[in-house]
Structure formats: structure tokens, C-alpha cells
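This report describes the fold, the packing and the charged pairs of one protein chain. The sequence and the structure come first.

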Amino acid sequence: AVVSTQSKQWYQRRVYGKQWYQRRVYGKQWYQRRVSSGINAEYMGSAEMHLKLTVLGLLLIGWTSLAIFILLVNVIITTFGKWIFAKFCSNFAEKYNEVSNSMKIDLFKELNDMNKGEKISILEIGAGPGANFKYFTREAVIQTVEPNIQFTKYFDENRSKYPNLEIKDIKEGFGEDLEAAGI
């Protein structure tokens, strides 16, 4: 049976996944730029299109003030969104740790009991402000990867509270592509 190129590509995309297919078709540099930007290209293209259509529709029916308001909110979220998210999560992490303290102690117990007397290496993906540092009760070298570099200020404040841990500088990246983050 003759298999068309199109059906072969569809099969590869279906079996190996979208990321594998995109990396194969578009190349490694394109894929790494897409992953390191932190933006899902299809979703953002769709969201941008919906925003433009909404604003255009509002302008066509004469609701100029609402269109300007929506554009202003979009600019604020685009410009300050990661900073606002980092501030919110930093405050939330402290409150969450208060509520879940006993659960997190149990969660990290096995890690803290492993290889007693040895310094272990820990990779924390999505470390945010470093909320889990207080649960590492043993000597450890901690490497962190975080897609939102705006967490750095809160991360450094939290890191200074735990001098017994060797916490390396935060690296910007994603868990799906640690190679691009230098891990």
C-alpha cells in the first residue's frame, strides 16, 4: 500500500506527540525559541485574534470607550502580568505553607531520610519563591528552574533564610525542556 506523506505526518504527530512533531518539522532552534518564550503559539494566536475581533466589533458598533478600556487592560496584563503573578504567588505560598505544613512534612520525609549523612542534589522545577526550602531539613544542593524570572526577588529573600542549604541561582526555563535552561 502506498502511504502518502500527509498521512505519514499525521500518524507521526498522533503517535509521537505534537512537540516531537513540531521539533522534527520546524527544527530544534524554532522549537527552543517557542518553548523558551513560555507561550503556546496556537493559543496566543487564537487569543490575539479574539481580542482584535472583539475590539473591532466594539468600534464598529460605536462602543469606543469599552474598546479602549479592553486594550488598556490588555496592555497592563501583558506588561505587568508576570510581576503581579510572582507577587501574588509569593504571598499565597506563605499562607499555603501554614495550612499544609503537616502534609508537606510528610511529603518531604522520605527525601530527608534518604542517604543519611550525604549531601544530596535536588532539582526543583517551578520553584517560584522557594516555598519548599523550609521542608529540606538536611544538607542539599538545590538547583531550581522557573519560567517566570520575576520570582527572583522573592526567591532570593527566601534563599537567605536557609544558609544550611546550597541553593544555586534560579534558572529561567521549563520542565519540558531542561536542556534549554542549562540543566
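Helices here are DSSP runs of H or I with at least four residues, strands are runs of E with at least two, and both are numbered from the N terminus. Under this numbering, Trp-63 falls in the loop between H4 and H5. The model is a predicted one.

**Overall fold**

The protein has seven helices and four strands. Their order along the sequence is α-α-α-α-α-α-β-β-α-β-β. The chain has 183 residues, and 28% of them count as buried. Among contacts in the protein with a separation of 6 or more, 53% are between residues 24 or more positions apart. The accessible surface amounts to about 12,800 Å², and carbon and sulfur atoms account for 59% of this area.

**Nonpolar core**

The largest nonpolar core consists of 13 residues. Ile-122, Phe-133, Phe-136, Ala-140, Ile-142, Leu-165 and Ile-167 have the most contacts inside this core. Two or more core residues come from each of strand S1 (120-125) and strand S2 (140-146). Leaving aside residues up to four places away in sequence, Leu-165 is in contact with Phe-133, Phe-136, Arg-138, Ala-140 and Ile-142. In soluble globular proteins, nonpolar side chains tend to be buried together.

Arg-138 also has a backbone position worth noting. Its C-alpha atom is separated by 8.4 Å from that of Gly-117, and the two residues are 21 residues apart along the chain. Gly-117 sits in the loop between helix H6 (101-113) and S1. This glycine has a relative accessible area of 87%, above the 50% cut-off, and is therefore exposed.

**Aromatic pairs**

The count of aromatic pairs comes to seven. One of them joins Phe-108 and Phe-136, with ring centres 5.3 Å apart and planes at 85 degrees, so the pair is edge-to-face. Phe-108 belongs to helix H6 and Phe-136 to the loop between S1 and S2, so this pair ties together parts that are 28 residues apart in sequence. Both of these phenylalanines are buried.

A further edge-to-face pair is made by Phe-133 and Phe-155, at 5.6 Å centre to centre and with 75 degrees between the planes. Phe-133 is in the loop between S1 and S2, whereas Phe-155 is in helix H7 (residues 152-159), so the pair ties together parts 22 residues apart in sequence. Phe-133 is buried at a relative accessible area of 0%, and Phe-155 also counts as buried, at 0% relative accessibility. Elsewhere, Phe-88, Phe-92 and Tyr-96 form one aromatic cluster.

**Nonpolar surface patch**

A nonpolar patch of about 1,000 Å² lies on the surface, and its members are Met-49, Leu-53, Leu-56, Leu-60, Ile-61, Trp-63, Leu-66, Phe-69, Val-73 and Ile-77. Helix H4 (41-60) and helix H5 (64-99) are the elements that give two or more residues to the patch. Trp-63, in the loop between these helices, is partly exposed, with a relative accessible area of 49%.

**Salt bridges**

Side chains of opposite charge can pair when their charged atoms come close. Five salt bridges are found in the whole structure, including the three in the table.

| Acidic residue | Basic residue | Closest N and O atoms |
|---|---|---|
| Asp-113 | Lys-109 | 2.9 Å |
| Glu-166 | Lys-119 | 3.0 Å |
| Asp-169 | Arg-159 | 3.0 Å |

Asp-113 and Lys-109 are both in helix H6, four residues apart, or about one turn of the helix. Asp-113 counts as partly exposed at 35% relative accessibility, and Lys-109 is likewise partly exposed at 47%. Lys-109, Asp-113 and Lys-116 are linked in a network of salt bridges.

The salt bridge between Lys-119 and Glu-166 links distant parts of the chain, with Lys-119 in the loop between H6 and S1 and Glu-166 in strand S3 (residues 166-167), 47 residues apart. Lys-119 is partly exposed at 43% relative accessibility, and Glu-166 is partly exposed with a relative accessible area of 37%.

In the salt bridge between Asp-169 and Arg-159, Asp-169 is in the loop between S3 and strand S4 (171-172), and Arg-159 is in helix H7, 10 residues apart. Asp-169 counts as exposed, at 53% relative accessibility.

Technical notes: Residues numbered from 1 in each chain as written. Predicted model: local features only at pLDDT ≥ 70, side-chain atom pairs only at ≥ 80, totals over all residues. Heavy atoms only, no water. Buried < 20%, exposed > 50% of the residue type's maximum accessible area, 1.4 Å probe, protein only. Contact = heavy atoms within 4.5 Å. Areas by Shrake-Rupley, 256 points an atom, 1.4 Å probe, with all protein chains shown as cover. Core = buried A, V, L, I, M, F, W, Y, C linked by side-chain atoms within 4.5 Å. Patch = residues over 30% accessible without salt bridge, like charges linked within 9 Å, V, L, I, M, F, W, Y side chains within 5 Å. Salt bridge = Lys/Arg side-chain N within 4 Å of Asp/Glu carboxyl O. Phe/Tyr/Trp six-rings, centres within 6.5 Å; stacked < 30°, edge-to-face > 60°.
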